[in-house]
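Here are some exercises to work through with the model open beside you. Try each task on your own before reading its solution.

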Amino acid sequence: MSLIGNWMQAIRTKTVAFITIILAVAVTAISCSSGSDANVQQAAGISPELVADYVHTVMAADRTAYTKHVVNRAKKLEGKDKEDGVLEIEATEGWQQTDGIPLPAQMFRLGAEISNESGYFTYNLISPWYINDAHAPKSDFEKTAMDAVIETGEPYKEYQEVAGQQYFSALYPDKAVAEACVTCHNTHPVHLERYPDKVFKMDDVMGGVIINIPLTET
Ligand code: HEC
């Protein structure tokens, strides 16, 4: 082959290689951008189960933080002195009458009452051994879900229809994670009167947090 011929051949090879690189870059760019579209779609269509898990995580964290960093620092809990208390306050069910601060379950209910007014979704603490009547399992769905959670100790998640509206509902177990849960409930006058035979032990399911998320037609 002539010198010119060799030179032309080299240019052709380089051009083909160059075009190949351009195509590869273009294909990568297209597939990446369609990939991010898919991510956006996924974010828009987030599953109700994940939403329930998210909001439950926040609720549980707030309740634990209030218990650990506020109630535990009070010098008194329902009339009894606490060793680790540093503040001259009492956490008590009768907080409104005695200038005390609410118990964690009451704080949780106060938040739920405000949040439920928003109309986005509802949540509530429920238990078959309720001290406060507002916590009684009401619908058949709540009773079935509560039985399942007591039986398994695991969350119960299911779709349900109420008055023509579809909901995704999840009930998360509320367990006796501290000795105080057990002693306070077992000795509470309302508990003793209503459920004299029910004696909570550590790690028992004492109730659950129900979250109801309304679903829109798609
Ligand atoms: C000092 C007493 C006290 C302690 C400690 C306590 N509770 Fe309660 N709990 C109550 C009272 C009082 C209510 C009712 C609150 C209301 O009026 O909303 C309640 C409500 C509840 C409910 C809703 C059903 C019901 O009885 O109305 C559950 C479930 C519950 N508590 C679980 C727990 C768990 C789990 C713990 C420990 C992490 C705990 N409680 C610690 C006093 C206590």
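**Exercise 1.** Find which backbone nitrogen lies 3.1 Å from a polar atom of the side chain of His188, and decide whether His188 is buried or exposed.

*Solution.* Keep in mind throughout that this is a predicted model.
- Start with the partner: the backbone nitrogen belongs to Val190, and the polar atom of the His188 side chain is 3.1 Å away from it.
- Next, place the histidine. His188 sits in the loop that runs between helix H6 (179-187) and helix H7 (189-194).
- Now check its accessibility. The relative accessible area of His188 is 10%, and buried means under 20%, so His188 is buried.
- Finally, look further along the chain. Leaving out residues up to four places away in sequence, His188 touches Glu93 and Ile131.

**Exercise 2.** Identify the protein donor of the iron atom of the ligand, then look for polar contacts between the ligand and the protein.

*Solution.*
- Begin at the metal. His185 (NE2), at 2.1 Å, is the only protein donor of the iron atom, and His185 belongs to helix H6.
- Widen the view to the surroundings. There are 24 residues around the ligand, and those that come nearest are Arg109, His135, Cys181, Cys184 and His185.
- Then go through the polar pairs. A polar side-chain atom of Arg109 is 2.5 Å from an oxygen atom of the ligand.
- Ile131 takes part through its backbone: one of its N or O atoms lies 2.7 Å from a ligand oxygen.
- Return to His185, where a polar side-chain atom is 2.8 Å from a nitrogen atom of the ligand.

**Exercise 3.** Work out how many salt bridges the structure holds, and describe the ones that involve Arg63, Lys75 and Arg109.

*Solution.*
- The total is 9 salt bridges.
- Arg63 pairs with Asp174, at 2.9 Å from N to O. Since Arg63 is in helix H2 and Asp174 in strand E6, this pair ties together parts that are 111 residues apart in sequence. Arg63 is partly exposed at 23% relative accessibility, whereas Asp174 is buried at 18%.
- Lys75 pairs with Glu88, with the closest N and O atoms 3.0 Å apart. This one links strand E1 (residues 74-77) to strand E3 (residues 87-91), across 13 residues. Lys75 is partly exposed at 33%, while Glu88 is exposed at 69%.
- Arg109 pairs with Glu113, at 3.1 Å from N to O. Because the two are 4 residues apart in helix H4, about one helical turn separates them. Arg109 is buried at 18%; Glu113 is partly exposed at 42%.
- To finish, note a network: Glu49, Asp53 and Lys157 are joined by salt bridges that share partners.

**Exercise 4.** Locate the largest nonpolar core and list the contacts of Ile211.

*Solution.*
- The largest core has 12 residues, including Ala52, Met59, Phe108, Tyr123, Phe168 and Ile211.
- Trace where they come from. Helix H2 (48-69), helix H4 (104-116), strand E4 (122-126), strand E6 (165-175) and strand E7 (205-214) each supply at least two.
- Focus on Ile211. Beyond its neighbours within four places in sequence, its contacts include Ala52, Val55, Met59, Tyr123, Phe168 and Tyr172, and also His56 and Thr122.
- A second, separate core has 8 residues, among them Ile126, Met146, Leu171 and Val205.

Terms used: Residues are numbered from 1 along each chain as its sequence is written. This is a predicted model: local features need pLDDT of at least 70, side-chain atom pairs count only at pLDDT 80 or more; totals for chains, interfaces and linings use all residues. Side-chain values use heavy atoms; hydrogens and water are left out. A nonpolar core is a set of buried Ala, Val, Leu, Ile, Met, Phe, Trp, Tyr and Cys residues joined through side-chain atoms within 4.5 Å. Buried means under 20% relative accessible area, exposed over 50%, partly exposed in between (1.4 Å probe, protein chains only). Contact means heavy atoms within 4.5 Å. A polar contact is a pair of N or O atoms within 3.5 Å; within protein, one must be able to donate a hydrogen and the other to accept it, and residues adjacent in sequence count only if both atoms are side-chain atoms. Donors are N, O and S atoms within 2.8 Å of the metal (3.2 Å for Na, K and Ca); water is not among the atoms, so sites may look incomplete. A residue is near a molecule or strand if one of its heavy atoms lies within 4 Å of it. A salt bridge is a side-chain nitrogen of Lys or Arg within 4 Å of a carboxyl oxygen of Asp or Glu.
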